[in-house]
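Please walk through the structure shown below, moving from its overall layout to its cores, one of its helices, an annotated site and its charged pairs.

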Amino acid sequence: MTETILNLAPSLGVRAKTALGKRNLVLVGLMGAGKSAIGRIVAQQLGLPFVDTDTEIERVSRMTIAELFAAYGEEEFRALETRVIKRLLRTGPRVVSTGGGAFINERTRKQIERGGLSVWLNADLDVLWERVNKRDHRPLLKTENPKQTLKDLMDKRYPIYALADITVQSRDVRKEVIANEVLTSVIEHIGKDKTL
């Protein structure tokens with residue numbers, strides 16, 4: 001099965017890249033959904049650069065995300081995030097992995113709508129919790145009950161993530177499987193747009 005997945009990837013990547021044209025592919029979703037891991041694989045298959053917005057924000061600010069939240073608060077962080085995403089989308093095409101709150105911000109969401117095709121990596125609570133509870137660098141989860149906080153974030157954000165152009169279920173399978181589902185969904189979505 002792995003050979004089949006890997007053998008399909010080059011043709012999927014070529015077809016998806018052709019379908020995308022000059023558009024960016026922007027991955028959105030909650031922390032732990034796999035945006036960075038899947039994004040790197042998708043970018044490789046598309047032959048496009050990959051950028052993680054959190055990494056880019058840390059690079060330009062010379063501070064970690066946690067330090068930015070502590071020093072300036074979430075509102076200022078979101079304003080910086082919007083500026084960074086706007087700049088990245090202007091210099092595409094590329095695959096962009098966004099922070100969990102980026103797509104929730106209406107200004108950022110409009111930038112993403114104008115500059116690319118959005119893909120929501122949708123994961124259930126147990127999958128997310130399994131992935132995020134091992135590390136202690138998520139500012140929004142520094143609460144008394146981090147799993148409940150994660151559930152509350154899901155309840156609040158999932159209706160907004162659902163506005164993304166494409167939804168792919170992130171689950172406990174090989175990353176390559178999800179990456180290929182992203183590529184297939186891109187081809188199908190753009191094909192549908194052309195028939196309308």
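Two residues are said to touch, or to be in contact, when heavy atoms of theirs lie within 4.5 Å. The model explored here with that term in mind is a predicted one.

The protein contains eight helices and five strands, and from the N terminus on these elements follow one another in the order α-β-α-β-α-α-β-α-β-α-α-β-α. Of its 196 residues, 48% count as buried. Among the contacts between residues at least 6 apart in sequence, 74% join residues at least 24 apart.

The nonpolar interior comes next. In soluble globular proteins, nonpolar side chains tend to be buried together. The largest nonpolar core of this model has 49 residues, and the members that touch the most other members are Leu 25, Leu 30, Val 42, Leu 46, Val 182 and Val 186. Helix H8, which spans residues 175-195, makes the greatest contribution to this core, with seven residues. Val 186 can serve as an example of how distant parts of the sequence are brought together: leaving aside residues up to four places away in sequence, Val 186 touches Ala 16, Leu 20, Leu 25, Leu 117 and Ile 166. Separate from this core is a second one of nine residues, among them Ile 65, Leu 68, Phe 77 and Leu 88.

Helix H3, residues 53-61, shows how a helix can be buried in part, with Thr 53, Glu 56 and Ile 57 as its buried residues. Seen down the axis of H3, these residues fall within an arc of 100°, and they therefore line one face of the helix. The cover over the buried residues of H3 includes strand S2 (50-52), helix H4 (65-90) and strand S3 (95-97). At the start of H3, the backbone nitrogen of Asp 54 has a side-chain oxygen of Asp 52 within 2.8 Å, while after the helix comes Arg 62, which has a positive phi, near 60°.

An annotated site adds another view of the model. According to the UniProt annotation "binding site", which comes from an unreviewed entry, the positions concerned are Gly 32, Ala 33, Gly 34, Lys 35, Ser 36, Ala 37 and Arg 138. Lys 35 belongs to helix H2, residues 35-46, and Ser 36 is placed in helix H2 as well. Is Lys 35 buried or exposed? With a relative accessibility of 7%, Lys 35 counts as buried, because buried means under 20% relative accessible area. Its surroundings, not counting residues up to four places away in sequence, consist of Leu 27, Val 28, Gly 29, Leu 30, Phe 50, Ser 97, Thr 98, Gly 99, Gly 100 and Leu 121. Of these, Gly 29 offers its backbone oxygen, which the side chain of Lys 35 reaches at 2.9 Å. Ser 36, counted in the same way, touches Phe 50, Asp 52 and Ser 97, and Asp 52 is the residue whose side-chain oxygen was described above at the start of H3.

The charged pairs complete the tour. Side chains of opposite charge can pair when their charged atoms come close. The structure holds nine salt bridges, one of which joins Arg 59 to Glu 56, with the closest N and O atoms 2.7 Å apart. Both residues lie in helix H3, three residues apart, which is about one turn of the helix. Yet Arg 59 is exposed, with a relative accessible area of 54%, whereas Glu 56 counts as buried at 12% relative accessibility.

A second pair within one helix is formed by Lys 110 and Glu 106, whose closest N and O atoms are 3.7 Å apart; because these residues are four apart in helix H5 (residues 106-115), about one helical turn separates them. Lys 110 counts as partly exposed at 39% relative accessibility, and Glu 106 counts as partly exposed at 49%.

The salt bridge between Asp 126 and Lys 147 has its closest N and O atoms 3.8 Å apart. Asp 126 lies in helix H6 (residues 125-132) and Lys 147 in helix H7 (residues 146-161), so this pair ties together parts that are 21 residues apart in sequence. Asp 126 is exposed at 54% relative accessibility, and Lys 147 is partly exposed, with a relative accessible area of 31%. Finally, salt bridges with shared partners link Glu 56, Arg 59 and Arg 87 in one network.

Notes:
Residues are numbered from 1 along each chain as its sequence is written. This is a predicted model: local features need pLDDT of at least 70, side-chain atom pairs count only at pLDDT 80 or more; totals for chains, interfaces and linings use all residues. Side-chain values use heavy atoms; hydrogens and water are left out. A nonpolar core is a set of buried Ala, Val, Leu, Ile, Met, Phe, Trp, Tyr and Cys residues joined through side-chain atoms within 4.5 Å. Buried means under 20% relative accessible area, exposed over 50%, partly exposed in between (1.4 Å probe, protein chains only). Helices (H or I, at least four residues) and strands (E, at least two) are DSSP runs, numbered from the N terminus. The arc is that of the directions from the helix axis to the C-beta atoms. A polar contact is a pair of N or O atoms within 3.5 Å; within protein, one must be able to donate a hydrogen and the other to accept it, and residues adjacent in sequence count only if both atoms are side-chain atoms. UniProt positions are given in the numbering used here, feature names are shortened, and annotations may be inferred rather than shown by experiment. A salt bridge is a side-chain nitrogen of Lys or Arg within 4 Å of a carboxyl oxygen of Asp or Glu.
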